[in-house]
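Here is a short report on a single protein chain. It starts with one polar contact, then turns to the overall fold and two residues.

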Amino acid sequence: MASSNPTVYVAGDSTACTYNVSVFPRTGWAAVLQNYFGSGVKVNDLAISGRSSLSFLSEKNYTTIKNSIKSGDYFIVQFGHNDSKSDDAARYTDPSGDRFTQGSYKHNIYENYVKLALDKGAYPIITTSISRRKTSDT
C-alpha cells in the first residue's frame, strides 16, 4: 500500500541530477520532477553527474537512500550510458550478462537497486538510459 506522504528517491547520472544555478539552463530531468507532484509527495533527487550504476554504490547519496527509503516510497533508477565505459573499471558493467551474471548491468541494477526498494517495501522504477551505442555511420 502506498504511503500517504511518499518520497520519490532518484539515483542516476548527469541526465537526472540537479545542477547549480550557475550552469542554468542545464537541468537534469529529476530536478524538475517535483513540479509534477502535489505537496504530499517529496522528490529527493540524489543523482550525481558522471556516475554509473556501479560507481554510485560508493557515494554517500546511495547510503542516504539505503538508510532513508521506506515502505510506500518510490525509487527511480536511471543509469546506463556511463556503465558502457569499458576503459573505466570503477564505472563499467557488462551489458551482455543477465541478472544472475556477476558484473553485468542487469545484475547490478537488480541486486543493488531493485532489491533494495523491494526489501524496504518501496516501489522500484527503472527508466530508460541514454544510449551511447552506435550501430552505423548514418
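With which side chain does the side chain of S53 make a polar contact? The partner is the side chain of N108, at 2.8 Å. A polar contact here is a pair of N or O atoms within 3.5 Å; within protein, one must be able to donate a hydrogen and the other to accept it, and residues adjacent in sequence count only if both atoms are side-chain atoms.

The model is predicted: local features need pLDDT of at least 70, side-chain atom pairs count only at pLDDT 80 or more, and totals for chains, interfaces and linings use all residues. Residues are numbered from 1 along each chain as its sequence is written, and side-chain values use heavy atoms, with hydrogens and water left out.

**Fold and dimensions**

The chain holds two helices and four strands. Their order along the sequence is β-β-α-β-α-β. Helices (H or I, at least four residues) and strands (E, at least two) are DSSP runs, numbered from the N terminus.

The radius of gyration is 15 Å, which agrees with the value near 14 Å for a compact globule of 138 residues. This radius is taken over C-alpha atoms, and the globule rule is 2.2 Å times the number of residues to the power 0.38.

| Property of the chain | Value |
|---|---|
| C-alpha span along principal axes | about 45 × 40 × 30 Å |
| Accessible surface (Shrake-Rupley, 1.4 Å probe) | about 8,000 Å² |
| Surface belonging to carbon and sulfur atoms | 52% |
| Buried residues, of 138 | 39% |

Buried means under 20% relative accessible area (1.4 Å probe, protein chains only). Contact means heavy atoms within 4.5 Å. Of the contacts with a separation of 6 or more, 70% join residues 24 or more positions apart.

**Two buried residues**

S53 sits in the loop between β2 (42–45) and α1. S53 counts as buried because its relative accessibility is 0%. Beyond its neighbours within four places in sequence, S53 is in contact with F79, D83, T93, Y105, N108, I109 and Y113. N108 is thus on this list and also supplies the polar contact.

I65 lies in helix α1 (residues 60–68). I65 also has 0% relative accessibility, so it counts as buried. Not counting residues up to four places away in sequence, I65 touches Y9, V10, A11, L46, F56, F75 and L116. Y9 is 56 residues from I65 along the chain, yet their C-alpha atoms are separated by 7.1 Å.

How values were computed. Buried means under 20% relative accessible area, exposed over 50%, partly exposed in between (1.4 Å probe, protein chains only).
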